[in-house]
Amino acid sequence: MRRLVSAADIDRFRAVIAHRLGLGFEDAKSAFLADVMRRRLDVGGQTPEAYLDRLDAEHRDDEMGALSQELTVSETYFFRHNDQYRAFAEIALPDRLGAQAAAKRLRILSAGCASGEEAFSLAMLVRDAGIDPSWDVAILGVDVNPAMVSKATRGLFSEWALRETPADVRRRWFKPAGRDFALDDTLRASVTFEERNLSRDDPRLWQPDTYDIVFFRNVLMYFTPENGQTVITRIGRAMKAGGYLFLGHAETLRGVSDDFHLRHTHDTFYYQRKQGAERATPLLPAITSFAAPAPAVIAAVEADTWIDAIRSACERIETLARSPRPSASARQGSTRVAVMPTWDLDLARELLREERFAEALDRIERLPPESGQDPDVLLLLAALLTQRGRLVEAEDTCRRLLDVDELSAGAHYLLALCREHARDRPGAVNHDQVAIHLDPGFAMPHLHLGLLARRAGDRGAARKELEQALLLLQREDSSRMLLFGGGFSRNTLVALCRTELAGCGGQA
Ligand SMILES: C[S@@+](CC[C@H](N)C(=O)[O-])C[C@H]1O[C@@H](n2cnc3c(N)ncnc32)[C@H](O)[C@@H]1O
């Protein structure tokens, strides 16, 4: 019999799953949740109400295990995103072996390990490091899905799981077993797997100051923001100062935690736990809203560098803007509810909104010196200095901003502009890449990378970046357009993207 599940039941089911497993499901997934719930009701022969009451009231690990099999995505394979494994083998592991030389103890965690490919890839690299047998080395893989944990423990893998595994590594660590491949027994014994729910406060798993290296990849993206933040806080506490954290390619700690330094090597990103003495600075709220800017012309993009284009666009706009307008202060308060720090940034933002860049900059520069620790002030100041072409000061301001908010995507984007102007193309590319890693939805660094690639004659890279910029520009937040658009409107930047794309054979 097909059980009746109401919209209210689904909402409650979604809330319990978020609470117990930490997984977030959007409204678009309601039909999927309804199917899962019906199947579970059939198994237990319960009414929705009784089932949800029990789920809510008790820690039912058996039911959570069954639900996790229905609700989680367990896609994984050996050496997935190999750049991260190279950074592990060449940076993180040697560094931690050095740091732990006196204790001779190394702890590695694969959190959300699925069927174990990640933990075993790490084990292979640990074996290659030739660690003295007197060391106490442990690799732990944990996952909430019991079926995945028992699969990991069996150590039997399909051809598909080995799709990124080099032939010599295959030969060394696997033996054919029917249509599958059996992992070497000694390697299998070097990893422990446990069924654990990362969303539970589990004192044994989260013992402080334990792990040297944590792989927590492609799990955060399925969590609710609140749960993601809680789990990252737990991981941070359970890590040793100076330990390394690897997230999935599409995952970032921006806005989640500032307990880590961002590291960028081997064409990949990862994080390093700050030392205890490095105080975590709470992030201040981001700028909330600005109205869309007035249209600007595109001719300036013929300029030598993007920053020259921005400067001339701003100068042109200011000339146009000198016609009389009602004063900003006269309209203050009528346009929006502001985030109010202890100093008044509203007028500067209002002036920016009116494209009166010089006055906005003057306003910011007259703020009290203690405002120089406020990330909002520093970002606004850096953007305005960049627009005015005061690039040495802009760069200095960006670096001060990174001192208080190391994961500021905006600071990295502005630094990319400054570096380009200083003829440091690799530096510019690097800062754009960091900005994109920190905020994958940020259009401007893609546009800048596209323009840099086009100037360097790399049509393929230019197309890829410009296509992405075009996509993102259409949904870019208008306050960010104003702050980073360099005096160009969204429409102008979209038109620029299309022209540049057409110039390198892309689809506009
Ligand atoms: C996409 S896989 C990632 C596997 C591997 N880390 C990788 O990147 O290849 C996500 C895994 O996270 C696990 N997971 C999801 N929620 C979890 C939770 N609350 N506690 C533990 N594991 C969880 C899922 O069961 C699944 O096996």
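How many salt bridges does the structure hold? The structure holds 38 of them, a salt bridge being a side-chain nitrogen of Lys or Arg within 4 Å of a carboxyl oxygen of Asp or Glu. Side chains of opposite charge can pair when their charged atoms come close. The model is predicted, so local features need pLDDT of at least 70 and side-chain atom pairs count only at pLDDT 80 or more, while totals for chains, interfaces and linings use all residues. Residues are numbered from 1 along each chain as its sequence is written, and side-chain values use heavy atoms, with hydrogens and water left out.

A good place to begin is the pair formed by R14 and D27, whose closest N and O atoms are 3.8 Å apart. R14 belongs to helix α1 (residues 7–20) and D27 to the loop between α1 and α2 (30–44), so this salt bridge ties together parts that are 13 residues apart in sequence. Helices here are DSSP runs of H or I with at least four residues, numbered from the N terminus. R14 is buried, at a relative accessible area of 13%, whereas D27 is exposed, at 63%. These classes follow the relative accessible area: buried means under 20%, exposed over 50%, and partly exposed in between, with a 1.4 Å probe and protein chains only.

Another salt bridge sits within a single helix. D185 pairs with R188, and their closest N and O atoms are 3.5 Å apart. Both residues lie in helix α9 (residues 185–189), where a spacing of three residues separates them by about one helical turn. D185 is exposed, with a relative accessible area of 55%, and R188 is partly exposed, with 29%.

Turning to the later helices, the side chains of R455 and E420 meet in a salt bridge at 3.6 Å, N to O. This pair links distant parts of the chain, as R455 is in helix α19 (residues 443–455) and E420 is in helix α17 (residues 409–421), 35 residues apart. R455 is partly exposed, with a relative accessible area of 44%, while E420 counts as buried at 8%.

Salt bridges also link E194, R196, D202 and R204 in a network.

Finally, a histidine deserves a look. H431 is found in helix α18 (residues 425–438) and is buried, with a relative accessible area of 11%. Leaving aside residues up to four places away in sequence, H431 touches R399, H412, L415, A416 and R419, where contact means heavy atoms within 4.5 Å.

How values were computed: Helices (H or I, at least four residues) and strands (E, at least two) are DSSP runs, numbered from the N terminus.
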